[in-house]
Amino acid sequence: MTARVFVLYFAKSAELAGVKEEEIVVPTSISSQDLWRRLVEQHPRLSVLQGQAVLAVRQQYVDIDDQLVTLGDGDEVAVVPPLSGG
Amino acid sequence: MTARVFVLYFAKSAELAGVKEEEIVVPTSISSQDLWRRLVEQHPRLSVLQGQAVLAVRQQYVDIDDQLVTLGDGDEVAVVPPLSGG
Amino acid sequence: MPSLTGSCFSSEMGESEARRDVFKLSPDWLSVQEVVDAVSSSSCGAISIFIGTTREDKLDGQKVIRLEYEAYELMAQSEFTKLCADIRGRWPSVTHICVHHRLGWVEVGQASVVMAISSPHRHDGQQAIQHCINQLKAKIPIWKKEVYDTQDCSWKENAE
Amino acid sequence: MPSLTGSCFSSEMGESEARRDVFKLSPDWLSVQEVVDAVSSSSCGAISIFIGTTREDKLDGQKVIRLEYEAYELMAQSEFTKLCADIRGRWPSVTHICVHHRLGWVEVGQASVVMAISSPHRHDGQQAIQHCINQLKAKIPIWKKEVYDTQDCSWKENAE
């Protein structure tokens, strides 16, 4: 089973990816690590954020590791580089 | 030797003394306790502040005890009831 | 988003006052008075406030000429809501919380964030405001880019 | 008394900036913005602010209708100068310090004191502002009388 999700890129990740948002099709159950790999395959320059960025799935932080995330059509996924608010 | 000093009364001590300032003549060397006693003799209602008020001599805090203070003509002495600024 | 109906200096004796959590991302200059008004309450003796600005700085001889802020806006709001719940769990006496954060271009020296917390007594509010800025930097998805006089720029990263 | 020449948002690169200790006793409504402007500095990333107000309160069924503040003004200024030296000894990075305190009649709910401290980094300023309000209450000769709706009144006393 696959889901069509919206991916949002912020700050440095948007500059590296060259886009601010896009739709991609991914398995409905996937580890956050594999999800990240898909994004890096699509935009190889994102690899400089390896080990620094985290993801957000439906606006909840998700570390990039072997935990499974469950995705549905229309879900929002975001690439979150290191924060610098304040 | 005696000195003529200005005594300032603030807040509750001004209400109890019934004056805001006055001149008194005191020995040039006197314990802060004896200085306080003189003020209470002059304004007996000040005794309700016994143990609560402190003095200020030339704008420096002085506890009411047996320490000697040195006074000269024109020096400023103040009765300082418990603070409530802020 | 809660509305900014600051009840500054009003008299609301006897009414039980709803606690406000106010968050605003704004492209405009931040008004300290507006943030203070948003947390004012007749039941509060203390308002603790923090203003964060960008210092004039040089990086490798380049001078910072402005900042650019960007946020994941919806998630920033939901992380702020979580942060307020966290603060109220730690300091139950906290009354109102308000955070205004700039977005877009910010001149060096202007405030990028203004936050205020009201509380009946000052100690709770003072601890809560420190926690609030620490957690905002750690959790709320906002990013800052420094732009230099050489036209270079770099995305910053908050210290742990 | 130092003048209130706030250099808010000004650009003073390269100049070494004199540290300001600003104290004002005022019968007028206190402006938070004025106090913030008095401590603003291009070298400071953080401004910590505290506002003290009087809560609506009842004492033995009497309602407080206003406050009256009185100060030993010259000594208040000299105690403030000592307090600033104490703060700068403990937190040498503190840049500017400003305290405005009301005198005379103050309506319930209005600010009686507004203080701000600027510092390059926030931790020093946040600790310094707490010390500043604690020491102001303990050391600066200012008194507050509560006036009740029954025409009674009573002089207050800060907790130790």
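**Helix α3 of chain C and its surroundings**

Biologist: Which residues of α3(C) meet α3(D)?

Modeller: Bear in mind that this is a predicted model. On the chain D side, the partners are D:Arg122, D:His123, D:Gln126, D:Ile129, D:Gln130, D:Ile133, D:Asn134 and D:Lys137. The residues of α3(C) that meet them are C:Arg122, C:His123, C:Gln126, C:Ile129, C:Gln130, C:Ile133, C:Asn134 and C:Lys137.

Biologist: How many nonpolar, polar and charged residues does the contact of α3(C) with α3(D) have?

Modeller: Glutamine and histidine fall in the polar class here, while arginine and lysine count as charged. By class, the contact of α3(C) with α3(D) has 4 nonpolar, 8 polar and 4 charged residues.

Biologist: Are α3(C) and α3(D) roughly parallel or roughly antiparallel to each other?

Modeller: Their axes lie 11 Å apart, and the packing angle is about 175°. An angle over 145 degrees falls in the antiparallel class. α3(C) and α3(D) are therefore roughly antiparallel.

Biologist: What kind of axis relates chain D to chain C?

Modeller: Two copies of a chain are related by a rotation about an axis and a shift along it. Here a rotation of 180° with 0.0 Å of shift superposes chain D on chain C, with an RMSD of 0.0 Å. That is the relation of a two-fold axis.

Biologist: And which residue of chain D has the C-alpha nearest the axis?

Modeller: The C-alpha in question is 2.4 Å from the axis, and the residue is D:Ile49. Both copies use the same surface, as 100% of the contact residues of chain D recur in chain C. To name the residue nearest the axis once more, that is D:Ile49.

Biologist: Of the 3 pairs of chains in contact, which share the most contacts?

Modeller: Two pairs can be set aside. Chain B and chain C have no contact, with their closest C-alpha atoms 10 Å apart, and chain A and chain D do not touch either. Of the 3 pairs in contact, the most contacts are shared by chains C and D.

Biologist: How far apart are the end C-alpha atoms of helix α3 of chain C?

Modeller: The helix runs over residues 122-139, which makes 18 residues. At 1.5 Å a residue these should span 26 Å, and the model agrees, with the end C-alpha atoms apart by 25 Å.

Biologist: Is C:His131 buried or exposed?

Modeller: C:His131 is found in helix α3 of chain C, and touches C:Leu83, C:Asp86, C:Ile87, C:Arg90 and C:Trp91, leaving aside residues up to four places away in sequence. Buried means under 20% relative accessible area. At 13% relative accessibility, C:His131 therefore counts as buried.

Biologist: Which elements of chain A are among what covers the buried residues of α2(C)?

Modeller: The buried residues of α2(C) include C:Phe80, C:Leu83 and C:Ile87. From chain C, the cover includes β1 (21-26), β5, β7 and α3. From chain A, the cover includes β4 (54-57) and β5 (60-62).

Biologist: What is the phi of B:Arg58?

Modeller: Most residues other than glycine have a negative phi. B:Arg58 lies in the loop between β4 (54-57) and β5 (60-62) of chain B, and counts as partly exposed at 43% relative accessibility. Although B:Arg58 is not a glycine, its phi is positive, at about 50°.

Notes: Residues are numbered from 1 along each chain as its sequence is written. Chains are lettered from A and ligands numbered from 1 in the order in which they are written. This is a predicted model: local features need pLDDT of at least 70, side-chain atom pairs count only at pLDDT 80 or more; totals for chains, interfaces and linings use all residues. Side-chain values use heavy atoms; hydrogens and water are left out. Helices (H or I, at least four residues) and strands (E, at least two) are DSSP runs, numbered from the N terminus. The expected span of a helix is 1.5 Å times one less than its number of residues. Copies are superposed by least squares on the C-alpha atoms of residues with pLDDT of at least 70 in both. Contact means heavy atoms within 4.5 Å. Axes are lines fitted to C-alpha atoms, for helices over the stretch in contact, and angles run from 0 to 180 degrees between N-to-C directions. Angles under 35 degrees count as roughly parallel, over 145 as roughly antiparallel, 65 to 115 as roughly perpendicular and the rest as oblique. Buried means under 20% relative accessible area, exposed over 50%, partly exposed in between (1.4 Å probe, protein chains only).
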